[in-house]
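Please look over the sequence and the 3D structure below before reading on. The briefing that follows is meant to be read beside them.

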Amino acid sequence: MGTTAKPVGAAEFVPADADLDTVRAAAAGCRGCDLYRNATQTVFGEGPADASVVMVGEQPGDQEDTQGQPFVGPAGRLLDRALGEAGFDRETVYLTNAVKHFKFAERGKRRIHKQPSRTEVVACSAWLATELELVAPELVVCLGAVAAKAVLGPSATVGELRGQMVQRPDYRITATVHPSSVLRAPDRKTAYADFLDDLAYIRDTTRQ
Ligand code: SF4
């Protein structure tokens, strides 16, 4: 087997001076890394173009890949429920992912999630950067470690960011776990309660 070539990255597919819909359409044709090859389609962010809160997950899952929308599978349903219980309206939040194509391994008929590599996250970062530039939120919420590292760099950890706000010139940043980790947690009830606490903290600081 030969060595894997460095991805060209998404940047050369991002149109200049474009609005969000134009950028979304361009992302559908991205070939910035190899993940487009096996996935069904690009799953771009969704939500109001002027949302004050952007939530960033890791990558689309199996159902997101087939439906073409972020957070529509089991983790998305848990996120919806938690957002509602924490007093957020999902319709007011812009939801996206650090990586826009589903990475998976096939096991029989099932497609099992595989975590994107740092190289793939970096290759895809131009889409997320463009979304953040165009939406211009007040707050970015990283859902899970991959999102935290995509937004803040490789040393960022959810443990350090939970319940904290990092002030950046354009927006504040915080983090909580990815809702899929709540689904996988041995003590799901406690994990969900902790997730709700994080969202309540985010809601309270957003309304100040
Ligand atoms: S994962 Fe990102 S960089 Fe790679 S092909 Fe998909 S949209 Fe492009």
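The points below cover the sheet, the helices packed on it, the nonpolar core and the cysteines.

This is a predicted model. It contains an open sheet of 5 strands with mixed pairing. Its largest nonpolar core has 59 residues, and its disulfide count is 0.

**The sheet**

- The strands of the open sheet run in the order 2-1-5-7-6.
- Strand 2 (93-97) and strand 6 (166-167) are the edge strands, and each of them pairs on one side only.
- Strands of a sheet pair through backbone hydrogen bonds, either parallel or antiparallel.
- Strand 5 (residues 139-143) and strand 7 (residues 172-176) pair in the parallel sense, over 5 bridges.
- Within this pair, Val-140 of strand 5 stands opposite Ile-173 in strand 7.

**Helices on the sheet**

- Helix 5 (residues 145-152) packs on the sheet and touches strand 1 (53-57), strand 5, strand 6 and strand 7.
- The direction of helix 5 makes about 140 degrees with that of strand 5.
- Helix 8 (residues 188-206) also packs on the sheet, where it touches strand 1, strand 5 and strand 7.
- The direction of helix 8 makes about 165 degrees with that of strand 7.

**A closer look at helix 8**

- Helix 8 has 19 residues, and from its first C-alpha to its last it reaches 27 Å, close to the 27 Å expected at 1.5 Å a residue.
- The buried residues of helix 8 include Ala-191, Tyr-192, Phe-195, Leu-199 and Ile-202.
- Asp-198 and Arg-203 are also among the buried residues of this helix.
- The buried residues of helix 8 pack against strand 1, helix 3 (74-85), strand 5, strand 7 and helix 7 (179-184).

**The nonpolar core**

- The residues with the most contacts inside the largest nonpolar core are Met-55, Leu-79, Trp-127, Phe-195 and Leu-199.
- Helix 4 (residues 118-135) supplies the largest share of this core, 8 residues.
- Leu-199 touches Met-55, Ala-82, Leu-83, Ala-86 and Phe-88, leaving aside residues up to four places away in sequence.

**The cysteines**

- Why does Cys-142 form no bond with Cys-124, which holds the closest cysteine sulfur? The two sulfurs are 15 Å apart, which is too far for a bond.
- Cys-142 counts as buried because its relative accessibility is 0%, and buried means under 20%.
- Cys-30 also counts as buried, because its relative accessibility is 9%.

Key. Residues are numbered from 1 along each chain as its sequence is written. This is a predicted model: local features need pLDDT of at least 70, side-chain atom pairs count only at pLDDT 80 or more; totals for chains, interfaces and linings use all residues. Side-chain values use heavy atoms; hydrogens and water are left out. A disulfide is a pair of cysteine sulfur atoms within 2.5 Å. Buried means under 20% relative accessible area, exposed over 50%, partly exposed in between (1.4 Å probe, protein chains only). Two strands pair if DSSP finds at least two bridges between them. Helices (H or I, at least four residues) and strands (E, at least two) are DSSP runs, numbered from the N terminus. Contact means heavy atoms within 4.5 Å. Axes are lines fitted to C-alpha atoms, for helices over the stretch in contact, and angles run from 0 to 180 degrees between N-to-C directions. A nonpolar core is a set of buried Ala, Val, Leu, Ile, Met, Phe, Trp, Tyr and Cys residues joined through side-chain atoms within 4.5 Å. The expected span of a helix is 1.5 Å times one less than its number of residues.
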